[in-house]
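Visitor: I should like to discuss the charged side chains of this model. Please show the sequence and the structure before we begin.

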Amino acid sequence: MSNVEVEVVGVRIEMPANQPILLLKATEPAYYLPIWVGAIEANALSIAQRGLTPPRPMAHALLLDVLSSYDAELADVAITGKDGQIFLAEIHTSDGKSISARPSDAVTLALTAQCPVYVDSDLLKEAGIEAPEADEEEVAQFRDFLDNVSAEDFETGSES
């Protein structure tokens with residue numbers, strides 16, 4: 001089994017079902033891996049990806065504190081396979097332990113601990129979606145647009 005490091009693109013909402021999807025992206029090979037998650041898990045992922053620290057620790061921060069109290073850290077996480085339509089994941093600790101986890105929890109932990117996320121390469125090809133080659137200039141322009149757009153930009157007024 002070989003693993004490919006992926007970037008956590010974030011949580012998107014799949015329409016029309018209004019279902020949150022965790023979107024991971026590999027560059028070599030260029031694939032997206034969409035994983036359907038629940039609303040609560042999507043919220044935790046979003047908080048971790050933005051680097052926010054809630055006033056009270058969430059369960060993911062608690063688990064990292066527990067690992068630390070046992071002189072271990074989160075080394076990395078891996079999306080390892082599928083059982084039917086359910087994705088499987090593992091968290092790997094610095095002391096060599098491997099613990100089964102839901103992908104949403106594993107990725108939230110990785111974002112919180114700032115450690116790598118991997119996907120099994122066979123799983124990526126089986127369940128992933130080939131990523132089209134992007135024009136770097138177009139991507140930079142689109143990101144700039146997203147960083148600077150506001151709701152007021154879309155307000156329509158009556159023209160006379």
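Visitor: Is Glu-41 buried or exposed?

Guide: The model is a predicted one. Glu-41 has a relative accessible area of 18%. Buried means under 20%, so Glu-41 is classed as buried.

Visitor: Which residue forms a salt bridge with Glu-41?

Guide: A salt bridge requires a side-chain nitrogen of Lys or Arg within 4 Å of a carboxyl oxygen of Asp or Glu. For Glu-41, the closest N and O atoms of the pair are 3.0 Å apart. The partner is Arg-102.

Visitor: How many residues apart are Arg-102 and Glu-41?

Guide: Glu-41 belongs to helix H1 (residues 39-49). Arg-102 lies in the loop between strand S6 (98-101) and helix H3 (103-113). The pair thus links distant parts of the chain, at a separation of 61 residues.

Visitor: Which residues are joined into one network by salt bridges that share partners?

Guide: Arg-102 forms a salt bridge with Glu-41. The side chain of Arg-102 also meets that of Asp-105 in a salt bridge, at 2.9 Å from N to O. Salt bridges that share partners therefore join one network: Glu-41, Arg-102 and Asp-105.

Visitor: What is the relative accessible area of Arg-102?

Guide: Partly exposed residues fall between the 20% and 50% limits. Asp-105 counts as partly exposed at 22%. Arg-102 is also partly exposed, and its relative accessible area is 44%.

Visitor: How far apart are the closest N and O atoms of Asp-95 and Lys-97?

Guide: The structure holds three salt bridges, and Asp-95 with Lys-97 is one of them. Asp-95 is partly exposed, with a relative accessible area of 39%. The closest N and O atoms of Asp-95 and Lys-97 are separated by 3.3 Å.

Terms used
Residues are numbered from 1 along each chain as its sequence is written. This is a predicted model: local features need pLDDT of at least 70, side-chain atom pairs count only at pLDDT 80 or more; totals for chains, interfaces and linings use all residues. Side-chain values use heavy atoms; hydrogens and water are left out. Helices (H or I, at least four residues) and strands (E, at least two) are DSSP runs, numbered from the N terminus. Buried means under 20% relative accessible area, exposed over 50%, partly exposed in between (1.4 Å probe, protein chains only).
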